[in-house]
Amino acid sequence: MTRALELRQVSKIYGSGPTEVHALREIELSVERGELVAVMGPSGSGKSTLLTIAGSLEAATSGQVLVDGVDLATVSRSDQAQMRRRSIGYVFQDFNLLPGLTAVENVSLPLELDGVHGKAARATGQKALEKLDVADRAHRYPDELSGGERQRVAIARAIVGERGLLLADEPTGALDSVNGEAVMRLLRAAMQRGVAGVVVTHEAHLASWADRVVFLRDGHVVDQTVAPPGPESLLASGDRH
Amino acid sequence: MSVPHALLALLSEGPKYGLRLQNEFESRTGEVWPLNVGQVYTTLQRLERDGLVETDGEAERSQKRYRITSAGGHELANWLRTPPDLVPPPRDELVIKVLVALEVPGTDVHEILQVHRRHVIEIMQRYTQVKAAAGEDDLALALVADAELFRLEAIVRWLDAADVRLKQQPSVAAAAVVDLPRELTRKMEVSQ
C-alpha cells in the first residue's frame, strides 16, 4: 500500500560555511493512511522544518520526500503547487484565516484556487464545516468567531476536498487544554476517515492523542514510541491506592 | 485516593449496600481505580467502628445497609477541604536516577532522559485511549484521566527542562550533583 508520506534520508542545511546550520539530518519517517504521528522535541530540534519540507513549502537539501508515493523532486513547480492544494492540508498555530473572507469562503478558497466552480466549492466547504460542527458559523468572519471556532474552521480548510495528508504545527495554539483536546479529537476523527496526519507539538498531553510519537533532537529522529498495548493494560495493573 | 472518604461521599446520597458501593465507586472514578468487594467491607467495618457509618443490625455483611452518621458527614466535609500533602521530600526515584546517571562514567544522560520520556508518554497514550474510547460526556473518566495525564505531563516537562539545563551547562551539572538532594531537603524542611 502506498504511504501517505515518506521521508527518506532527508537533510536540510541552512546557510553555508561557518554559518551553516544542519536543521535536519538524514530523517527517515513514514506515515500510513489513517495514522496520526506527533513530533516532539526541544526548540531548534527541527520540528517545524520537518513539517514545511513534508508539505513541500520548502525543499530538502538532500533526500526524498514522497507524498502519496510521488517524489516531490520529480514533479514541476506548478504540479507541486497543485499537490499542495489537492493533497495536503495545513493547520497553523495562529489559524491563518483570511480576515476579509467568511468561514465558508476561507474553507472553500483552496478548491476555488484549484479551479473548482465557486458554488460547488462553497457546497464542499459547507460540508467540511458540518463535519467540524461549525456549519452554523459559515457566514461569520474570523473576528466574529471564538478561538475554538476559528481553529475548527482552520481544520475544515485543511481537510476540505479529497486531501489525504494533514500537517499541523502546534494546532491547538493558545487554546485552553479542554479546547485543545477537542481539536485533537477532531484530528483523530479525520484520521478515522483515512487521512494521515503529522502534528508538531510541545505538549505531551496533546501528543498522547497520536498513534505514534516521534522525538527529534538536533535534527535527528532519536526515538519513537511503540504502539500502545491498549487501555485495558491500565486496569490490569490493579489497585495502586 | 482515600477509599473511606469516597465511600462516605457515596453514602451521603442515602443508605446503600456494600456491593452497590463497590459498583458506584468504580463507575464514578471512570473504572480507572478498581476496588474489590473485600476492601469495601473492611473499610465499612472500620468506618462503623469509628462511628462514621451505622447499619440496621446484625445481618450478614452482604445484607447490611450502611448509613452515614452526622460524625461521618463532618469528617467528609473536613476531608474535602483539607489540602493533600503536595510537598513530599525530594526523593523522587526518577530524579535520583538522573542525578546518579550524571556520575556514572560513559553514560549519556540525554539518552537516559529520553528512555524515561518515551516511557511516560506511552503511558499517557494509554490514558488518552481510555478517554477517547469513553466519549466526551463521561465526566468522571475525563477528570480521572486528566489528573493522571497532567501529573505525567509534569514529569515530561521536568525531563525536557533537565535536557535543556544539561545542554547549557554540562560540567556544572556534574559537579553540583553530590550535595544537591541533601541541600534541597534541608531547604524544604526549613520552609515548612
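## Two positive phi values and a helix pair

A:Ser56 is buried, because 20 other C-beta atoms lie within 10 Å (buried means 20 or more, exposed 12 or fewer, partly exposed in between, with C-beta atoms placed from the backbone). This is a predicted model, where local features need pLDDT of at least 70, side-chain atom pairs count only at pLDDT 80 or more, and totals for chains, interfaces and linings use all residues. Residues are numbered from 1 along each chain as its sequence is written, while chains are lettered from A and ligands numbered from 1 in the order written.

**Chain A loops**

Most residues other than glycine have a negative phi. A:Ser56 has a positive one, and A:Asp68 does too. Helices (H or I, at least four residues) and strands (E, at least two) are DSSP runs, numbered from the N terminus.

| Residue | Phi | Loop | C-beta atoms within 10 Å |
|---|---|---|---|
| A:Ser56 | near 60 degrees | between α1 (47-54) and β4 (62-67) | 20 other, buried |
| A:Asp68 | about 55 degrees | between β4 and β5 (70-71) | 17 other, partly exposed |

**Chain B helices**

Helix α1 (residues 3-11) and helix α4 (residues 70-81) of chain B have axes that come within 10 Å and cross at roughly 120 degrees (axes are fitted to C-alpha atoms over the stretch in contact; angles run from 0 to 180 degrees between N-to-C directions). That makes α1(B) oblique to α4(B) (under 35 degrees is roughly parallel, over 145 roughly antiparallel, 65 to 115 roughly perpendicular, the rest oblique).

Which residues of α4(B) do B:His5, B:Leu8 and B:Ala9 meet? They meet B:Gly72, B:Glu75, B:Leu76 and B:Trp79 (contact means C-beta atoms, placed from the backbone, within 7 Å).

Note on methods:
Two residues are in contact if their C-beta atoms, placed from the backbone, lie within 7 Å.
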